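Trainee: Please take one part of this model and look at it closely. I would like a connected account, with the cut-offs stated.

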Amino acid sequence: MTRVLWTPPADVRQNSRIGDYLSWLDKHRGLTFADYDELWHWSTEDLPGFWSSIWEYFEVVAHEPATAVLPDPTMPGAKWFPGTTLNYAENVLRMPGIGDDEPVVLGYSQTREPVVLTAAQLREQVRRARAGLRRLGVGEGDRVAAYLPNIPETVVLMLATASLGAIFSSCAPEFGTRSVTDRWQQISPKVLVAVDGYRYGDKLIDRAGEVAAIRAALPSLTHAVVLPYTEGQVGLGELAADTDEPLTFAPVPFAHPLYVLYSSGTTGLPKPIVHGHGGILLEHLKMLALHHDLGPGDRYFWFSTTGWMMWNYLVSGPAVGAAIVLFDGNPGAPDLGMLWRLAEEAGMTYFGTSAPYLLACRKEGLVPREVADLSKLRGLGSTGAPLPAEGFEWVYDNVNPDLMLLSLSGGTDVCTGFVGGTPLNPVYAGEIAARCLGAKVEAYDGAGHPVLGALGELVISAPMPSMPVGFWGDATGEKYREAYFDVFPGVWRHGDWITITDRGTCVITGRSDATLNRGGVRLGTAEFYSVVEGMDEVADSVVVHLEDDEGGAGELLLFVVLVPGRELDDAMRSKIARELRTALSPRHIPDVIYQVAAVPRTLSGKKLEVPVKRILTGTPVESAAAKGALANPESLNAFEALARTRAA
């Protein structure tokens, strides 16, 4: 039996935001639900009823009313709340439940001293930045590019841009020139705001050369603001000049572009994914309040850079009354306990991070509750990769036994999670607690039929408001359709394997485009990594399956990064095989195990299984992976050399 690690308290409906929402539904709509499962079914079967309730419950500020909620649910192309006008920034800056003198943005950095903004200061800085952008000629529909770290200034700039109806796009300063220009040449920004560099731990990273090269590669730029961040600069420089211009908000249609996010771009140009004001606002209100249980009094943190959608997810915190905690720097400097100590210093009530970070802490034997006072933590979020059962158990044994662990899976494509947690459901080791409200997640077999208790393709069979407005420059929508709707017409295929259990929990087992298919049995990659990387000797790993053109079992190749001082010998190979056989099955034993110096990862930390497979099957490196999108492009060399050896 799967171990239950946390159960909702008996008074959860009296002391949670989703409980308050259920009371509201009863009072205002005459709707009652016995449990989360009933609520989820209603939320995905009556889409107009559910999403209009989110709008009303959270008292969304709009300038014009909608003529309908969802006139036609056909995908792609579903139109939400036609006729309405609103502004994302206006709704975030209401900051319900936060007093003018209360902190709302707490910025911690390894480059300078902490910066804290109260609610009044945040509104004032957005007012000035908005006026500054207008002086530079920025108006509705113009693009503002931010080569900035995860600091309060970036939040201010994004909200100021949104207030004008202009379109924001950010890249983290660790992105190299090519990676940045591959993204921004597609959207032709008018204004660039950048830093001169940053510190990562105790290492100073100068970005002056990259900023100059980016400016030279973007002829659309009419102005660039470079902030001397490494000198301790606080504020947006010339954009922060005093002015009498009031803070107003451009009323824009529901689907008006808010910001452009990008796919990882590991196998070509990154896809420029356009998100709209209304869809992001409604989705984030729902998720942050009803799933993460965030509200006034909370201090909400998610470790992220400005190059990952979790930054955008974090920035919506004030919309539900939660203060946000930002961090810019190396999470492992001086040691892995650093972020946990920051949790105590910042008074975090919600700590969000990635599954690889939690597993790294576990592997190091870290006990966070011994290095910091984490008694204020009510919630802990994990995303970026599947969190195995041992990761769940480590959290409850070593962080705080009373918090709600929310394992979240979704994507940049929707800037949210499809599946996650809820205060109403228990937490089972290794399982995601539920499908999220309003997200009709199903597992499809190869014929497009829903399955329960069996591995299937993760699909969304009904529209969500935060599905992309489209891809930038994709006038016909052809690229958008190809990305999500080419396998199951009218149904969003996300590209993950999922198992939905009979109790409604979910298990994500890896990317479906990185499937391991041995003798007709599909194997998820996540379970491999859980076993292999659980070994003390293994620091990292990646597994790929090379199909047999003649219909045989093909070849299963495992690549391991060993801890310093260990070498891959026959004894180690036998131990890995034995662990996989015992924990999984004989089918999981690789045909060959190789030792490599590093596993290729994107800048947001995701493993590159598909590019590795392409390289090993003869695709040139430059075609298989865009090196500018990688954190460690030199790691591809070992796979290129192996491909040559195998072909000889």
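Mentor: Start with glycine 137, just after helix 5, which takes a positive phi of about 90 degrees. Helices here are DSSP runs of H or I with at least four residues, strands are E runs of at least two, and both are numbered from the N terminus. This is a predicted model, where local features need pLDDT of at least 70, side-chain atom pairs count only at pLDDT 80 or more, and totals for chains, interfaces and linings use all residues. Residues are numbered from 1 along each chain as its sequence is written, and side-chain values use heavy atoms, with hydrogens and water left out.

Now the helix before that glycine. Helix 5 covers residues 119-135, 17 residues in total. From first C-alpha to last it reaches 25 Å, close to the 24 Å expected at 1.5 Å a residue. That expected span is 1.5 Å times one less than the number of residues.

Next, burial. Buried means under 20% relative accessible area, exposed over 50%, and partly exposed in between, using a 1.4 Å probe and protein chains only. The buried residues in helix 5 are Ala119, Leu122, Val126, Arg127, Ala129, Arg130, Ala131, Gly132 and Leu133. Two arginines, Arg127 and Arg130, are on that list.

What do they pack against? The partners of the buried residues include two strands that come before the helix, strand 4 (103-109) and strand 5 (115-118). The others are strand 6 (143-147), helix 6 (152-163) and strand 8 (191-195). Contact here means heavy atoms within 4.5 Å.
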